[in-house]
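Student: I'm new to this one, so please pick a single loop and take a close look at it with me. After that, walk me outwards into the rest of the chain.

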Amino acid sequence: MLLQLSLCVGTLFVLVTANASIPNVTITNSTTSIHQLSSDPEFAFALETFLSFSNGGGASTGEVLRAASQIIPGDYESFYTEFKFLADQIAHQATSVDATRFPVSARQAHLRAATYYRAADFFLHGNASDPRILTLWSAMLDNYDTAMKLLPEPPQKVELDGDRFKIPVYFYPAPKPSHANVTGGKGKRVPTVVVGTGYDGAQQDLYHAQGQEILARGWNFVTYEGPGQPQVRREQSIGFIPDWWSVITPIIDWLKDRDDVDIDRIALEGVSYGGQLAPLAASREHRLAAVIALDGWLDLRESILQKFTPQIRQVYQSGNATAFDAAIWAAYKLPGMSQFKWSLEQGLWAFDTTSPFEWLNKMGQAAVSQAVLDNITCPVFVASGEDDGLAPGQPEMMARMLGDKAHYHLFKTNVGAGEHCAIGAESQMALATLNWLDEVFENQTSHSS
């Protein structure tokens, strides 16, 4: 999930080289072709995302739709209240179950409660000192980790040492061969897919959106969070950093010492803003067999600037931080700016700053250039959504810049997969990305034993 910033509608098209297989994507709708669950576009997008977790057991459609019917469009407290109520109710159901006798029922309820606690927190970041941020997060972790312990093969939860931060990681072991279609790997070492979220999603979301599909293929599944992402930002007060390889390299170091990981078949997937961070990491971390950029972005800051009015862009480009911050805060106070309000609040929180000018400057430091892409040594799956207006044209540009290293895929609107990161069409997303990855793993010469 990511911001739906909309000061003015704009589209960014950049051509690098002619390539008929990589089209220039025109956004088919300025908002979305998916039925909206709220008249507030930002609420509609958030509700769509949390509803999509129903596909992987992280929500129930009736529960989310009922909450959506009660939420007042644009009212952050209403969004919090309805999901907090729902989370508490489902958590009570979970704890009322005899988990020893009925582990599946308890696990499913705890997972849904965890999702709804994350939803309740989603629009609270305008006040970084709001005590509910940590209270809801603690309740979310309690429910999620309780659910994980009730899996037949629970994940290992560790905290790895980075050079200036801790990296929370879940390692979900591949199912036993009799329970999955195991492909690749040699002996007990199997392929491993490391998946990272982006601008505002939590790693717990990934179990529902990607994890079960990866595990069903007989591979290990790993999630993590780095600076700027929910757990590290909450518990360590560190915002996003440009040197994302500092997050990924300690994870690869840890994986290579395990006896259940085929070190020659490790892939890195980045979701949403992670589709920019993953290629950035791969430019320095060369032990990866493949990268999946879902969706492939080069510079989120540039996309945001394209959606500002020309006058505000000019103030930013002048370097006058005081004038730019004043202009942004003036826009923030205008009526009808709920999309921009959340985008700004989340951005300031995630980058750990109070200055809009500094927020954009920090974001720009993580831009993916031609030099960065030239330094990637593995194949890259670059995804684009036909109805995704967040950074239009950038996935196509990334694929062209990568040249022969790129495999480009456009998720189509007419079959319900054109949303940002194919939200709601997780099966289509898994089919495209994981079938490609299976072929990459098959062609990879393994030296593991």
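Tutor: Let's start with what the labels stand for: helices (H or I, at least four residues) and strands (E, at least two) are DSSP runs, numbered from the N terminus. Keep in mind that this is a predicted model. With those labels, our loop is the one between strand S8 (406-411) and helix H17 (426-443), and Cys421 has its place there. Ala422 lies in the loop between S8 and H17 too.

What is the phi of Cys421? It's positive, about 60°, although Cys421 isn't a glycine. Ala422 also isn't a glycine, and its phi is positive as well, at about 55°. That catches the eye because most residues other than glycine have a negative phi. Now for the surroundings. Residues count as buried when their relative accessible area is under 20%. Cys421 has 7%, so it is buried. Ala422 has a relative accessibility of 1%, so it counts as buried too.

While we're on backbone oddities, hop over to another loop, the one between strand S6 (290-294) and helix H10 (300-306), where you'll find Asp295. The peptide bond that joins Leu294 and Asp295 is cis, with omega at about 5°. Again there's a general rule to hold it against: most peptide bonds are trans.

Back to cysteines for a moment. Cys378, with a relative accessibility of 5%, counts as buried. How many disulfides does a search of the whole structure find? Zero.

Let's step back and see the whole chain. It has 17 helices and eight strands, and 60% of its 449 residues are buried. If you take contacts between residues at least 6 apart in sequence, 74% of them join residues at least 24 apart. On the outside, the chain exposes about 17,100 Å², and carbon and sulfur atoms supply 51% of that.

Now go inside. The largest nonpolar core has 146 residues, and those with the most contacts inside it are Phe83, Tyr224, Trp244, Leu255, Tyr273 and Leu437. Click on Leu255: leaving aside residues up to four places away in sequence, it touches Phe171, Thr192, Val194, Val222, Val261 and Ile266.

A helix can show you burial in another way. In helix H14 (residues 356-364), the buried residues include Pro356, Phe357, Trp359, Leu360, Met363 and Gly364. They sit on the same side of H14, because they cover an arc of only 160° around the axis. The spacing makes sense, too: an α-helix has 3.6 residues a turn, so residues three or four places apart point the same way.

Last stop, the charged pairs. Side chains of opposite charge can pair when their charged atoms come close. A search of the whole structure finds 20 salt bridges. One of them joins Arg118 and Asp205, whose closest N and O atoms are 2.6 Å apart. Arg118 is in helix H4 (residues 103-121) and Asp205 in helix H6 (residues 203-216), so to speak distant parts of the chain, 87 residues apart. Arg118 and Asp205 are both buried.

H4 turns up again in the salt bridge between Arg234 and Asp121 (2.4 Å, N to O). Arg234 lies in helix H7 (residues 230-236) and Asp121 in helix H4, so this pair ties together parts that are 113 residues apart in sequence. Arg234 counts as buried because its relative accessibility is 9%. Asp121 is buried too, with a relative accessible area of 5%.

The next pair runs between loops. Asp243 forms a salt bridge with Arg164, with the closest N and O atoms 2.8 Å apart. Asp243 is in the loop between H7 and helix H8 (245-256), while Arg164 is in the loop between strand S1 (156-161) and strand S2 (166-172), 79 residues apart. Is each of the two buried or partly exposed? Asp243 has a relative accessible area of 15%, so it is buried, whereas Arg164 has 44%, so it is partly exposed. Elsewhere, salt bridges that share partners join Glu77, Asp130 and Arg132 into one network.

Note on methods. Residues numbered from 1 in each chain as written. Predicted model: local features only at pLDDT ≥ 70, side-chain atom pairs only at ≥ 80, totals over all residues. Heavy atoms only, no water. Buried < 20%, exposed > 50% of the residue type's maximum accessible area, 1.4 Å probe, protein only. Core = buried A, V, L, I, M, F, W, Y, C linked by side-chain atoms within 4.5 Å. Contact = heavy atoms within 4.5 Å. Arc of directions from axis to C-beta. Salt bridge = Lys/Arg side-chain N within 4 Å of Asp/Glu carboxyl O. Disulfide = S-S within 2.5 Å. Areas by Shrake-Rupley, 256 points an atom, 1.4 Å probe, with all protein chains shown as cover.
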